Amino acid sequence: FLSSSRDEAEETISYYDSLWKKIIVMWCYAEVKNDDFLMNLKNLHAVIPHSNSKNLDLIFKNEKIFTLKNKLDTLKSEKIKDYLKSIGWNNINSKAFIWQSTDKRAYLNADYGYEYLKISEWCDNNCTFCIIPNIRGRQKSRTIEDIILEVKNMINSWIKEIEIIAQDITRYWTDLYWWESKFIKLLEEIDNISGDFKFRLFYMYPDILTLDNIKKLKNLKKMLPYFDIPFQHISPNILKRMWRFYNEEHIYNLLDEIKKEFDYIIIDGPPSL
């Protein structure tokens, strides 16, 4: 799907370039960019890799990054080419960038009563079919203190439902403390915050999700019984090829435990049976 998504991105970029809109290329495409394609754009203003994400205010003031001014034909093509090549796409040995509670953020979904809260950025799972660790970097978890501060900011912004999300929330903190997950401890801290709100959990990979974890989730007063678990497959052969560390028995045990502990549940991401 990487090639098809890149084609779609380039089709969209070309459309706006044909309208003579100023083009700023950001996020995933910037990491897997096609230099020849970008060289042919008439209105490319800047290419912003993830490592520059925290400097967006400076970037839009034409600082901290090479900016393509006016039309490409006013610049030496070799200079542009050298700049594009300087933005490498392989971040597998670098830590991911992540926002902190002190960074400016607009709660775009606050009017609807919910908002997303990222507790860590990107992933160390290294699934054989996935390019995310290469283009976005290794997992980087936020501290519990920083997350709690943003939860309080959300509550003060009249947000009633907090969507806790990461590439794999069950691995929260494993990059910081001897590979020990602390996602249950984090959820318990959030659950103890006073206020009229609920939270929902996204992307609990079954690799290290235990039956004991399910029992502890049951004790959380503010957690919605929504389980987004990307089982993805149940075939032992396919799971091994995907670099997954669970089997059919573990999947059924998890499902049975969830149904036993919770009277009402929603499960998203069922196994392929």
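Okay, let's start with helix α7, residues 144-156, which lies across β3 and β6 (161-165), contact here being heavy atoms within 4.5 Å. The helix runs at about 170° to β3; axes are lines fitted to C-alpha atoms, for helices over the stretch in contact, and angles go from 0 to 180 degrees between N-to-C directions. When I say helix or strand, I mean DSSP runs numbered from the N terminus: H or I with at least four residues for helices, E with at least two for strands.

Quick word on what we're looking at. This is a predicted model, where local features need pLDDT of at least 70 and side-chain atom pairs count only at pLDDT 80 or more, while totals for chains, interfaces and linings use all residues. Residues are numbered from 1 along each chain as its sequence is written, and side-chain values use heavy atoms, with hydrogens and water left out.

Now the sheet. It's an open one with five strands, ordered β3-β6-β7-β8-β9, and the pairing is parallel; two strands pair if DSSP finds at least two bridges between them. Why do β3 (114-118) and β9 (266-268) each have a side without a neighbour in the sheet? They stand at the edges, each with a single partner strand, so one side is left free of a neighbour. On average, neighbouring strands are turned by 25° against each other, direction ignored.

At the β3 end, five bridges pair β3 with β6 in the parallel sense, and Y116 sits opposite E163 of β6. β3 has a covered face, E115 and L117, and an uncovered face with Y114, Y116 and K118. At the other end, β8 (residues 223-228) and β9 run parallel, joined by three bridges, with Y226 opposite I266 in β9.

On to a helix pair. α9 (residues 211-218) and α11 (residues 248-261) pack at an angle of about 20°, axes 10 Å apart. That makes them roughly parallel, a label for angles under 35 degrees. Which residues of α9 make the contact? L211, I214, K215 and K218 do, against N253, L254, E257, I258, K260 and E261 of α11.

Last, two backbone oddities. W20, in the loop between α1 (2-18) and β1 (23-26), has a positive phi near 60° despite not being glycine. W20 is partly exposed at 47% relative accessible area, that class lying between buried (under 20%) and exposed (over 50%), with a 1.4 Å probe and protein chains only. Q232, in the loop between β8 and α10 (236-242), has phi near 70° and is partly exposed too, at 30%.

Technical notes: Angles under 35 degrees count as roughly parallel, over 145 as roughly antiparallel, 65 to 115 as roughly perpendicular and the rest as oblique.
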